[in-house]
Amino acid sequence: MNAHDETFELARRYVEGSPTAEETRALEAALRSDAAFRREFMRYLQVDAALGRAMPAKVLRFPVALRWALAAAAAIVAALLVWQAQRPAVEMVRGVGQRFARAEPAGEWLGRSCELEAGWVELSFRQAEASVVIEAPARFSIEGANTLRIERGRVTAHVRNGRQGLRVLTPQIDVRDLGTRFAVEARDDKRSEVHVFEGKVEAGRAGSPQRELLTANEALRFATARAPESRDVRTGTFFQPEEMQPLAAALRAGQPGRWERAVAALKNDPALLAWIGFERQPASDRIEHGGEVRGARWVQGRFAGKSALEFVDAEDHALLNLEGRARALTLMSWVRLDRVSAGRSGLLMVNAGVGSGGVLWLVDPRGRMHFALRDQPPAEAPGDSQRPRSAVSVFGNLQVWTHLAVTYEADAQRVRFFVNGQFDSEVHTTAGLDAVLGRAILGNTASTNRFGTGPYQRLSGRMDELVALGRALSSAEVRQFYISGDPYR
């Protein structure tokens, strides 16, 4: 039984006068300790009252023991009503690795201005019945009981009550919720975006009465002195309220430390060809292995305070200087991918100048991983469609971090795919070429056709960690590396 079902069942038994003493104790404990449970329980009681049920008349018909139990629960509800009236209009429900430039606000957040340097915070806007996740780095202020201003950063909102709604302001846009799930981003380059996942919102330029109505799977970008521009919805980019609890639990359990130990062991593997952690070097856009970031943006990775790269626009990519030739190869990466309207998502593409054996690792528009070596004929029939590809779509894991892995064995003439540590499929290849690394690109290839990747590579999403090994990891090894780096464990 999930949390919502449990709330409904306890509330139903309470108003119908049928809770056991054990259930009453469970109800008391849940009401005292769980803010989300209190909100759900209060909503149920409000609906029950609206339907005209008469609680006192029911209580008179109950046995004495049940009357005492209900009296105790009723006392809790009465106290809860007082607490409900006194609780802050805007409060933090939970934080994950949060670090503020100044002291973290406590209690009432209304009227506060904050700069979040690391981690995530989830705020509850009581009047709008909204849960809002703010991701670092962010500068924001709470201007009203249902108004949030974002100067820089990203927010994701889940608004349950479209009657009151939530208003989100940036320097470029004014977004008014109509009961939905949506996200807003304010960038340093004087551009802001709004993305609608469910329901609908009204969005317009700040200070203008004109409004655009956006519904599910629609997005707009607003830039200074430009007309609004339609965009692909970046579902994977924005963190969701549902992620906060497992992220917080993993942090408490010490998962970042386990990942660091796994990386230390990996770096001692003699077969290691490259480990890219996307740790930004101070005051530069350089990354490991002589890498250079071009257009792609630095964002928060899968652990609080860790960095990652985000690819969105046509010019967003990064260049790497990799070296290696191997009869076997393993590639692994953590990603948050968005569906894109055209093209394939390029994870790792080696320059065509290396000749035969250059590595290509892609995700096609249907979400299947592709792996190929240049000049390696397909096993079944000619044509790009016959390149080795995974069976499962990685787009089944949108809105969460996903671990992708592929292994290649020239002598066994096979490619194996893995998604989140689970074996996906095995595909036979031909020719048994060496896998060759060299000058490589991550991300979009609109202006980098010298990589000879064929159709335009249109990567939208985040990449956090990239591993290349000159051997094929076993299923157990892939699984263990996934477990050690999973931010939700």
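In this predicted model, Arg336 lies over the face of Phe239, at a distance of 4.1 Å from the ring centre. A comparable arrangement involves Lys267, whose charged end sits over the ring of Trp275, 4.2 Å from the centre of that ring.

These contacts belong to a chain with 8 helices and 27 strands. Of its 489 residues, 53% count as buried. The surface that the protein chain exposes comes to about 20,500 Å², and carbon and sulfur atoms supply 50% of this area. Contacts across the sequence also deserve attention: among those between residues at least 6 apart, 60% join residues at least 24 apart.

One part of the strand content can be followed in detail. An open sheet is formed by 7 strands, in the order β14-β15-β18-β26-β20-β21-β22, with antiparallel pairing. Its edges are β14 (286-287) and β22 (369-373), each of which pairs on one side only. In general, the strands of a sheet pair through backbone hydrogen bonds, in either a parallel or an antiparallel manner. Within this sheet, strand β18 (residues 317-326) and strand β26 (residues 435-443) run antiparallel and are joined by 8 bridges. One residue pair illustrates the register: His317 has Gly443 as its bridge partner in β26.

The aromatic side chains add a further set of links, with a count of 8 aromatic pairs. One of them joins Trp334 and Tyr482, which are stacked at 5.7 Å centre to centre, with 25° between the planes. This pair links distant parts of the chain, for Trp334 belongs to strand β19 (residues 328-337) and Tyr482 to helix α8 (residues 475-485), 148 residues apart. Are these two partners buried or exposed? Trp334 is buried, because its relative accessible area is 1%, under the 20% cut-off. Tyr482 has a relative accessible area of 9% and is therefore buried as well.

A second pair, Phe418 and Phe423, is edge-to-face: the ring centres lie 5.8 Å apart, and the angle between the planes is 70°. Here the burial of the partners can be set side by side. Phe418 is buried, with a relative accessible area of 0%, whereas Phe423, at 40% relative accessibility, counts as partly exposed. The value for Phe423 falls between the limits of 20% for buried and 50% for exposed, so this residue belongs to the intermediate class.

Elsewhere, ring pairs link Phe100, Trp109 and Phe140 into a cluster.

Methods. Residues numbered from 1 in each chain as written. Predicted model: local features only at pLDDT ≥ 70, side-chain atom pairs only at ≥ 80, totals over all residues. Heavy atoms only, no water. Pairing = 2+ DSSP bridges. Helix = DSSP H or I, 4+ residues; strand = E, 2+ residues; numbered from the N terminus. Buried < 20%, exposed > 50% of the residue type's maximum accessible area, 1.4 Å probe, protein only. Contact = heavy atoms within 4.5 Å. Areas by Shrake-Rupley, 256 points an atom, 1.4 Å probe, with all protein chains shown as cover. Phe/Tyr/Trp six-rings, centres within 6.5 Å; stacked < 30°, edge-to-face > 60°. Lys NZ or Arg CZ within 6 Å of the ring centre and 35° of its normal.
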